[in-house]
Amino acid sequence: MPSRGAEILVAMDVGTSGARAAAFNLAGERVLEVRRSYPTASPHPGWAEQNPRAWRSAALAALDGLVRELGSRHRVAAIGLTGQCPSVCLVDARGRPVSAGLIYRDNRATAEAAAIRQRWGDAAIHARTGHLPAAFHIGPKLMWLRRHQPDVIRAGVRALQPRDLVAHALTGELATDGTHAAATLAFDLERRAWAPDLIEAMELPADIFPAVRPSWEPLGGLLPAVARRVGLRPGLPVVLGGADSQACALGAGVVAAGPVSEMAGSSTCLNATVRTPLSVLEVTHYPHVVPGRFTTETGINTTGAALAWIADLLYAPRGRHAGEADYARLDAEVASVPPGAEGVLAIPALADGERTDPQLRGAFTGLSLRHGRAAQARAMMEGVAFTIRQQLELLRSGGARVTELRISGGDTRLTIWSRIKADVLGIPLVTVPGDAAVGGVAMLAGMGAGLYRSVDDAISAAVHAGARVEPEASAHERYNAQYAAWCALAGAPVVRRED
């Protein structure tokens, strides 16, 4: 086996705000990252669209830029893929997009989701797919297109998610993996195969979804034309990988019961490992990106995005987005405000609805003239932490163990937010340096290329814990009462923690 660090693994992520390519050595250290951005359009309330051609072009441009910057100093051994999920576009027989890309936070398909729930019943569809139907999922989005844009369905041969589209561009293969397939509502979770009866009930073409391939195995080799374009060798192994949050669970070392992975970016996904799916309807499930396990998932549409809104509005120079200095100022000011944000409560639902409640909207309450920007910023941070607590208590109610939160992503740069989360949740918080989503994808690439012997070998080599924050008992007790008030404001039930 090659020595640690002798090879480079590339992770490509077709994310919400843009695409990126990141290079890792076998010790899990990020060597370099290149990003290319693209916009999100909201032509109507509740809609969220992106240009699928931008997914592909930005991903290839990021890969090209990465290889150029790496130069001849490093040898790329394999490429792994991930991306936002569930987002979707239709493509023709040549893999060319024929529709807009409807991303995960697009909530136009509420009626279609409701129709699925009414036909199958919540408990039955959840037991079959691991999900409770919502506009968030691919199936309802395609049903909406069939009803409102039938020409798109007629022109489309396959429904591809952003990662799948880039996989086709790199290898010529039309495929997806179980983590992406599970987000369609057309995938039988226990059988790990497409469910023809569900697809038929949605009145979709029987072959609209691509073949399902393992997350940890090579999909194919890099096409010669792409290899010439980006300066890599033809036939380089391309590993399909998994949805970003699922890859993040691996990158955080969450492959057994107890720890929960938080992928903290513009949105948040929370993932725990279980041997069998839970019966709690609000908890969704996916096949793990490693064999023989499942991951639970709950998610929040606007977390980092909600704080970015506050930072841009209250801390950045007029007309500009907040930079590092602005966030440092926010971090320091929020630390000076005591737990409870001086009585201000915030709901961070700023994306025209949440995944489980499309009608929920953001709100502040308890404001007065004595409150400054720091109290509002702290209230938003606490609002996100309360939302996370609600999700973790749902896991506990289904019998899952929740022993610590392992957090990776941009939010870890804010020291006070880690403190707030630990105190609100009442469990230790462990930061995972870097970005566990792309780190997990690089690990999958290494497994697919045979550079790691096993899942445990990959975790031992590439996953490294950062700072650990223990909860403070007095702050946690203070937050308990405020949490009940926040649940009342959000119209959410208080799920009692089982200690």
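**Arg378**

I began with Arg378, which this predicted model places in helix α13, residues 373-397. I looked up its accessibility and found 3% relative accessible area, so I entered Arg378 as buried, the cut-off being under 20%. Setting aside neighbours within four places in sequence, I listed its contacts as Val334, Ala335, Val337, Pro338, Pro339, Gly340, Ala341, Ile416, Ile420 and Tyr479.

**Salt bridges**

I then turned to charged pairs, of which the structure holds 31 that count as salt bridges. As background I noted that side chains of opposite charge can pair when their charged atoms come close.

In helix α14 (residues 415-425) I looked up Lys421, which forms a salt bridge with Glu262, the closest N and O atoms being 3.0 Å apart. Glu262 belongs to strand β15 (residues 258-264), so this pair ties together parts that are 159 residues apart in sequence. Both Lys421 and Glu262 are buried.

A second pair to note is Arg419 with Asp423, whose closest N and O atoms are 2.8 Å apart. These two residues are 4 places apart in helix α14, and I therefore recorded them as separated by about one helical turn. Their accessibilities go into separate entries: Arg419 is partly exposed at 23%, whereas Asp423 is buried at 3%.

I also checked Asp164 and Arg163, whose side chains meet in a salt bridge at 2.8 Å, N to O, and I found both residues buried. Finally, I wrote down a network of salt bridges that links Asp13, Arg20, Arg30, Glu33, Arg35 and Asp435.

**Pockets**

For the largest pocket I recorded a volume of about 1200 Å³. It is lined by 47 residues, and those closest to its centre are Ser17, Arg35, Gly265, Ser266 and Ser267. The elements giving two or more residues to this lining are β2 (18-25), β3 (30-37), β15, α11 (304-314) and α12 (324-335), and α11 gives the most, with 8 residues. I sorted the lining by class and obtained 19 nonpolar, 15 polar and 13 charged residues. Arg35 thus appears twice in these notes, as a residue close to the centre of the largest pocket and as a member of the salt-bridge network.

The second largest pocket has a volume of about 760 Å³. Of its 36 lining residues, Glu282, Glu354, Arg355, Thr356 and Asp357 lie nearest the centre. Two or more lining residues come from each of α2, β18, α13 and α17 (473-490), and the lining divides into 20 nonpolar, 10 polar and 6 charged residues.

**Cavity**

I next asked how many cavities of 30 Å³ or more there are, and the count came to 1. Its volume is about 50 Å³. I found 13 residues in the lining, with Ala159, Gln161, Asp164, Thr184 and Phe209 nearest the centre; β8 (158-160) and α7 (178-181) are the elements that give two or more residues to it. By class, the lining holds 8 nonpolar, 4 polar and 1 charged. I cross-referenced Asp164 here, since the salt bridge entered above joins its side chain to that of Arg163.

**Helix α4**

I went through helix α4 (residues 138-148) for burial and found 8 of its 11 residues buried, so I describe this helix as largely enclosed by the rest of the structure. The buried residues are Ile138, Gly139, Pro140, Lys141, Leu142, Met143, Trp144 and Leu145. I looked up what they pack against and listed β6 (89-91), β7 (101-102), α2 (110-120), α5 (150-155) and β8.

**Thr295**

Thr295 sits in strand β18, residues 294-300, and with 1% relative accessibility it counts as buried. Its side chain makes a polar contact with the side chain of Gln246 at 2.3 Å. Beyond four places in sequence, I found Thr295 in contact with Gln246, Asn271, Ala272, Thr273, Thr284, His285, Tyr286, Pro287 and His288.

**Ser454**

My last entry is Ser454, in the loop between α15 (436-448) and α16 (455-462). I noted a relative accessible area of 33%, so Ser454 is partly exposed. I also looked up its distance from Val290: the two are 164 residues apart in sequence, and their C-alpha atoms are 9.7 Å apart in space.

Notes
Residues are numbered from 1 along each chain as its sequence is written. This is a predicted model: local features need pLDDT of at least 70, side-chain atom pairs count only at pLDDT 80 or more; totals for chains, interfaces and linings use all residues. Side-chain values use heavy atoms; hydrogens and water are left out. On a 1 Å grid over the protein atoms alone, a cavity is a set of points where a 1.4 Å probe fits but cannot get out, and a pocket is an open set with protein on both sides within 12 Å along at least five of seven lines; lining residues have an atom within 4 Å of a point. Grid points are joined across faces, edges and corners, and a volume is the space filled by probe spheres set on the points. Ala, Val, Leu, Ile, Met, Phe, Trp, Tyr, Cys and Pro count as nonpolar, Asp, Glu, Lys and Arg as charged, and the others, Gly among them, as polar. Buried means under 20% relative accessible area, exposed over 50%, partly exposed in between (1.4 Å probe, protein chains only). Contact means heavy atoms within 4.5 Å. A polar contact is a pair of N or O atoms within 3.5 Å; within protein, one must be able to donate a hydrogen and the other to accept it, and residues adjacent in sequence count only if both atoms are side-chain atoms. A salt bridge is a side-chain nitrogen of Lys or Arg within 4 Å of a carboxyl oxygen of Asp or Glu.
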